[in-house]
Amino acid sequence: MTETLRTTRRRLGLAAAGLLAMPALARAQGGRPTLRVGNQKGGLRSLLEASAQGEAPPYDIAWSEFPAAAPLLEALAADALDAGTMGDLAFLSVFAAGAPLRAFAATRAEPRSQAILVPEHSRARSLADLRGKKLAGNRGGWGHFLLRAALKRAGLAPEAVELVWLGPADAALAFRSGAVDAWAIWEPYVAIERTLFGARVLEDGTGLTPTVSFLAAHENALRQRRPLLADLARRQRRGWDWAAGRLEAYAAANARLTRLPEPAVRQAFASQRTRAVPLDAALLEELQAAADAALEFGLLRRRVAVAEAVAAGVEEG
């Protein structure tokens, strides 16, 4: 996610063309407006559908599913989507490359929902015990940030370990096979590895990461579909308010959609405690400090003014 926008756009051609050709992204039937929303499996769509209680929005949502934030952001930057959800660092990496995007709503999970895991029988009890070992994480995202921040807090140089950049699917295989000695990852993967494979949390994100996610939109959508984006943000907020008191019901619905074990999903939600938060001055200050650290850690190529990446007041209409 730290590539330049020009390089990103060169990679977009076929993917964006394919998205634009999908029936789901065609104009709405009956003249109803349509909002094109990118979803990561088990994410915003499952929340809105589980919490809607039969209340459909006064517009159509054309959902497009993505396996991770990177391809979703590529489609969003190409204007093949109006909006989508992603982690703070993934969004800021693309914004720093010049993408015409703005964040317009935010959620926060507990920092413990990000963790550095070791296998059940690992002798490691601290990061210092991993000197010379292989640590996996996703380059340019939460895993990358967590590894570098944890190493810095422990007084270890990045060169003290071997950082191996892998996406979640490949990292899970490498971790379970012993090809890597530790893995920096987030929920629900943390819960899956703990409940199904006996992994141990060596260190979590407490005191290291804001653990914020964004609803972000293309600038064209902010100009042309702002009322729809405002409604989407309000529905996300109400959805998390609903889920806070019904985690078991939401975990069951999410597990059916994702085909993940329900106990792991339930544990993940309990760990995350996700809630909508305002994009206020305090949050922007916290995110600015994280963005400055991300620049130091090599996640960003230039300093980002976080306030400039935010479209304020959308949810209020």
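A salt bridge is a side-chain nitrogen of Lys or Arg within 4 Å of a carboxyl oxygen of Asp or Glu. In this predicted model, the count by that rule comes to 18 salt bridges. Three of the pairs are listed below.

| Pair | N to O distance |
|---|---|
| R112 and E110 | 3.8 Å |
| R225 and D82 | 3.1 Å |
| R235 and D231 | 2.5 Å |

The residues of these pairs can be described by their accessibility. R112 has 36% relative accessibility and therefore counts as partly exposed, whereas E110, at 15%, counts as buried. R225 is partly exposed, because its relative accessibility is 25%; D82, at 1%, is buried. In the remaining pair of the table, R235 and D231 are both buried.

The positions along the chain may also be considered. R235 and D231 belong to helix α9 and are four residues apart, about one turn of the helix. R225 and D82, by contrast, link distant parts of the chain, being 143 residues apart: R225 lies in the loop between α8 and α9, and D82 in the loop between α3 and β3. Both residues also take part in a network of salt bridges with R36 and D79.

The model further contains an open sheet of six strands with mixed pairing, in the order β2-β1-β3-β10-β4-β11. Strands β2 and β11 stand at the edges with a single partner strand each, so one side of each has no neighbour in the sheet. From one strand to the next, the twist averages 30°. Strands β3 and β10 run antiparallel and are joined by five bridges; M86 has F214 in β10 as its bridge partner. Helix α3 packs on the sheet, touching β1, β2, β3, β4 and β10, and its direction makes about 145° with that of β3.

Conventions
Residues numbered from 1 in each chain as written. Predicted model: local features only at pLDDT ≥ 70, side-chain atom pairs only at ≥ 80, totals over all residues. Heavy atoms only, no water. Pairing = 2+ DSSP bridges. Helix = DSSP H or I, 4+ residues; strand = E, 2+ residues; numbered from the N terminus. Axes fitted to C-alpha atoms, helices over the stretch in contact; angles between N-to-C directions. Contact = heavy atoms within 4.5 Å. Buried < 20%, exposed > 50% of the residue type's maximum accessible area, 1.4 Å probe, protein only.
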